[in-house]
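Reader: Could you take me through one part of this model up close, starting with a single side chain, and then work outwards from there? I'd like the cut-offs as you go.

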Amino acid sequence: RDVFGTDRVSLRESGPIMDSIPTLPEMLRPLGYRSVGVGFGDALIKGFDEYLQYGGAWGPWEDRPLRKAEQLNQVTFPVLDRLAKGRKPWLLFLRHMEPHSPYLPPPPYDGLFYQDDPCAPGNDSMEPVFAFRPFADFLRSWMPPGITDKEHVIAQYDGEVAYMEACIQQIFARIQALGQWENTLVI
């Protein structure tokens, strides 16, 4: 099936995934797999034996940094420990929110790719972004007040990616420390 055949082309679809659409955890269950998902919301939880939530996926400028990937790891590490001790094969689905907006990575990732003034007078590169009314208020909610330079936003996205990669590396290290690396497929 393609994504359009599932009625799930975005995270904004209402209601659960149709019963006629088998999910990966449902397909693996008859083969003896235990499945755990870690994320937020309930749009993607169909078929998991367990679905755990982590917080901090969204937040305004005042709440920075959000540390979304670290919060996901805090929930994931005990799950990995438990799954590794079990005798069943397992599926672990992690729903990372980097690099989804808001882009509010923690230090040092927030300054790795940009050292200028995001609110410099005379720079109007954010004007077309804010002119797109459907998202203007949302964007302003997590960007520096008075921002004028779109390069700052791009750099924060790059910082989110670097931060997420560092946190994913921690997951890989944990899988290795648990002796599971040789039997693990990462997709």
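Author: Start with Y163: a polar atom of its side chain sits 3.4 Å from the backbone oxygen of R67. That falls under the polar contact rule: a pair of N or O atoms within 3.5 Å where, within protein, one must be able to donate a hydrogen and the other to accept it, and residues adjacent in sequence count only if both atoms are side-chain atoms. Bear in mind that this is a predicted model, where local features need pLDDT of at least 70 and side-chain atom pairs count only at pLDDT 80 or more, while totals for chains, interfaces and linings use all residues. Residues are numbered from 1 along each chain as its sequence is written, and side-chain values use heavy atoms, with hydrogens and water left out.

Y163 belongs to helix 5, residues 150-177. Helices here are DSSP runs of H or I with at least four residues, strands are runs of E with at least two, and both are numbered from the N terminus. With a relative accessible area of 2%, Y163 counts as buried. The scale is simple: buried means under 20%, exposed means over 50%, and partly exposed is what lies in between, using a 1.4 Å probe and protein chains only. What covers Y163? Leaving out residues up to four places away in sequence, Y163 touches R67, K68, A69, E70, E98, P106 and Y109. Touching, or contact, means heavy atoms within 4.5 Å. P99 is 64 residues from Y163 along the chain, yet their C-alpha atoms are separated by 9.2 Å.

While we're in helix 5, have a look at K150 and E151, whose side chains meet in a salt bridge at 2.8 Å, N to O. A salt bridge here is a side-chain nitrogen of Lys or Arg within 4 Å of a carboxyl oxygen of Asp or Glu. K150 is partly exposed at 34% relative accessibility, and E151 is partly exposed too, at 37%.

Searching the whole structure turns up eight salt bridges. Another one joins the side chains of E26 and K46, again at 2.8 Å, N to O. E26 is in helix 1 (residues 24-28) and K46 is in the loop between strand 1 and strand 2, so this pair ties together parts that are 20 residues apart in sequence. The two partners differ in cover: E26 is partly exposed at 25% relative accessibility, whereas K46 is buried at 13%. Beyond E26, K46 has other company: not counting residues up to four places away in sequence, its contacts are I17, M18, D19, I21, P22, T23, P25 and E26.

Now follow the chain into the strands. Strand 1, residues 34-39, is mostly covered, with five of its six residues buried. Strand 1 pairs with strand 3 (residues 90-94) in the parallel sense over five bridges, and with strand 2 (residues 50-53), also parallel, over four bridges. Two strands pair if DSSP finds at least two bridges between them. V36 is a handy marker, with bridge partner L92 in strand 3 and bridge partner E50 in strand 2.

E50 leads straight back to the charged side chains. It forms a salt bridge with R82, their closest N and O atoms being 3.1 Å apart. That pair links distant parts of the chain, with E50 in strand 2 and R82 in helix 2 (residues 68-85), 32 residues apart. R82 is partly exposed at 36% relative accessibility. And the pair doesn't stand alone: R29, R34, D49, E50 and R82 are linked in a network of salt bridges.

What about disulfides? The count comes to zero, taking a disulfide as a pair of cysteine sulfur atoms within 2.5 Å. C119 is partly exposed at 26%, while C167 is buried at 3%.

Finally, step back to the whole protein. It has five helices and three strands, which run α-β-β-α-β-α-α-α from the N terminus on. Of the 187 residues, 39% are buried. The accessible surface comes to about 11000 Å², with 56% belonging to carbon and sulfur atoms; areas come from the Shrake-Rupley method with a 1.4 Å probe, and for residues only the protein chains shown count as cover. Among contacts with a separation of 6 or more, 64% join residues 24 or more positions apart.
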